[in-house]
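Trainee: Please take a close look at one helix pair. After that, go through the sheets in one connected account.

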Amino acid sequence: MIQFSGVQLIRGGKILFDEVSFSVHSGQHVGLTGVNGSGKSSVFALIRGEIQCDRGEVSVPTSLRIAHMAQEVEALTRPAVEYVLDGDQALRSTEQAIQKAETTQDNHALAHLYDQLCIQDGYTARTRAEQLLAGLGFTQQQFEKPVKSFSGGWRMRLNLAQTLMMPSDLLLLDEPTNHLDLEAILWLESWLKQYKGTLIFISHDRIFLDRVADNILHTERKGITLYSGNYSAFERIRAAKLALQQATYEKQQKQKAHLQQFIDRFKAKATKARQAQSRIKMLEKMEEAAPAHIDSPFNFIFKSSEKISDPLLSVRKGVIGYQGKPWLNNIKISLHPDSRIGLLGANGAGKSTFIKALAGEHDFLSGQISQGEHLRIGYFAQHQLESLDPDASPCLHIQRISPEVREQTIRDFLGGFAFHGDKALEAIKNFSGGEQARLALAIIAWKRPNLLLLDEPTNHLDLEMRYALTVALQSFTGAVVLISHDRSLMEAVADEFYLVHDHTLQPFSGDLAAYAKWLRDQSNAVAKKNSFSDKKAAPKSQHQPAKDGSKSKPSQKDQKQLEKLERMLTQKQQKLEEIHAQLTDTELYQVGNKEALDDLLKQQDSVKQEVEALEAQWLEMLEQME
């Protein structure tokens, strides 16, 4: 058990934690959350013994094997798979001892060492290392490439693989999804859910937190509070506490009305049953979570330009490539003022290059590209941060764009991005990555674009800023094209998806759950091809159209099954409403009722999962029958 007892920590003359007490038990998977600068990394440093608290005690069993992901990696000539294997230091020591014993022909020592190698699973070590690399997106051809040949983001993946290779009782991960694409995140989720030891991880990805964490440690106002359940459960409990404060009531109602307006607008244009259901559920979750973010330091919107064209931008027969060689072919897309497009596809497929081409930073090799008369593009990518002037303040960055605007007006605007007081006048060279990303977004918002092209806008942003960005994008009246590994942002913002795959850009007729299934299917392309060949030869199913073009009627058996699913769904939804009603009882949130509250939250999560599973079955059957 890891225990903090009355801990106080002072850093740079500032009290970071005061009278902090909590316990993490063996086998728990704990998500560590809080705004940037609230002390999350310091919690890791205290656990690892890198720093000492100023008062109180941090108790960590001395026998605990701790694995911690390094944030940097040297430009080594060592092959990638060997670098990953280096994570198991005990295994490496045994291998070195075996080499020494073989040199000296010490057969007695060799017999003991080979037994030890077997206990350490040494004979499967290379296979396990290769599985970690494959799961994190490395190809077999890259296993033997030197570490120095990989870019910074891929080196961080190597660090993660090496950390997962370490035998450990406690695994500490700091933003493990930051440099991963969606495919790798899904694999990592699965791996961590099966991890038997204690896991504490820092993340700003709410879906990742929901699926991996069973407890949440939240840093806030010099304190750390442990909440039972995943991140959604934490939001509900915190929202209930904040809802009791009368001062937040009006802001809460305004935000809920805004979300409802957006839900209504979406429902009016929904055309795909499965994607519509997924989208509406995501927005309902946001509405439920809204009160938990009432005291967020961020409050901004993206105002669209006064004049707008329709379409804003269209491409026909577009070709994008490098050095004259095509990479994406026959691109056809039309962006209208209400377009909300999420781009899917593996790293390297061409998503970022496509957005660059739309932004005018990468040339089309050929094609018909038509821009609306009033097109104004707001483009965000990680390299945009490099274009910021390190010696200029946030205020000066905006003043250079609009020198005629009063300074107070600019400072009021920057306050929505949490640049308050002297922070708005401070040179940004010492700003964190998150602060620079916020400034880049502020500059885009100030320019009032009508087309937002966003390439991984949430990197470096904490959960509060991600939530504020999601709400701001929902109220934006222009078009959005989005690349993000943050699934909650993608689900809440994108109305439709395009898949960049096999040198093409094509509409993807499903939601992110369908994309995850598509990825699983792609992992065995040969089997899929054989299966497709078998289907061509197979007799027509009862749901296939007849040769004359008429549609077959659903069978009586299918109709009864659909009705049964509807009844089960209604029962579960009624049960969920009963639980929601019980959770409105403020007495539940008293200290003495913690066990009853935890039990009710677990029931709620269980019933919600059952509802979602039944909805998925119902929609799938409905689509088949239609």
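**The helix pair and its surroundings**

Mentor: The crossing of H14 and H15 is right-handed. The model is a predicted one, and the values below are computed from it. Helix H14 covers residues 407-415 and helix H15 residues 433-446; their axes come within 10 Å and cross at roughly 125 degrees. The two helices are therefore oblique to each other. On the H14 side, the residues in the contact are Ile 410, Phe 413 and Leu 414, and they meet Ala 442, Ala 445 and Trp 446 of H15. Sorted by class, this contact has six nonpolar residues, with no polar and no charged ones.

H15 also contains Gln 436. Its relative accessible area is 19%, so Gln 436 counts as buried, the cut-off being under 20%. Leaving out residues up to four places away in sequence, Gln 436 touches Leu 385, Leu 388, Ile 428 and Phe 431.

For the wider setting, the chain has 21 helices and 18 strands. It has 626 residues, of which 49% count as buried. Among contacts with a separation of 6 or more, 71% join residues 24 or more positions apart.

Strand E12 is a case of burial in a strand. It spans residues 340-344, and five of its five residues are buried. Arg 340, Gly 342 and Leu 344 point one way from E12, while Ile 341 and Leu 343 point the other way. E12 runs parallel to strand E16 (residues 479-483), with three bridges between them. E12 also pairs in the parallel sense with strand E17 (residues 496-501), over four bridges. Ile 341 appears in both pairings: Val 481 stands opposite it in E16, and Glu 496 is its bridge partner in E17.

Next come two open sheets. One has six strands in the order E5-E6-E7-E3-E8-E9, with mixed pairing. Its edge strands, each paired on one side only, are E5 (66-68) and E9 (223-228). On average, neighbouring strands in this sheet are turned by 15 degrees against each other, direction ignored. Within it, strand E3 (residues 29-33) and strand E7 (residues 198-202) run parallel and are joined by four bridges; Val 30 has Ile 200 in E7 as its bridge partner. Helix H7 (residues 182-193) packs on this sheet and touches E3, E6 (170-174) and E7, its direction making about 155 degrees with that of E6.

The other sheet has three strands in the order E2-E1-E4, and the pairing is antiparallel. Here the edge strands are E2 (14-24) and E4 (55-59), each pairing on one side only. Its neighbouring strands are turned by 25 degrees against each other on average, direction ignored. Strand E1 (residues 2-11) and E4 run antiparallel and are joined by four bridges, with Ser 5 opposite Glu 57 in E4. Helix H1 (residues 40-47) lies across E1, E2 and E4 and runs at about 120 degrees to E1.

Key: Residues numbered from 1 in each chain as written. Predicted model: local features only at pLDDT ≥ 70, side-chain atom pairs only at ≥ 80, totals over all residues. Heavy atoms only, no water. Axes fitted to C-alpha atoms, helices over the stretch in contact; angles between N-to-C directions. Parallel < 35°, antiparallel > 145°, perpendicular 65-115°, else oblique. Left-handed = near helix turned anticlockwise from the far one by under 90°. Contact = heavy atoms within 4.5 Å. Nonpolar A, V, L, I, M, F, W, Y, C, P; charged D, E, K, R; others polar. Buried < 20%, exposed > 50% of the residue type's maximum accessible area, 1.4 Å probe, protein only. Pairing = 2+ DSSP bridges.
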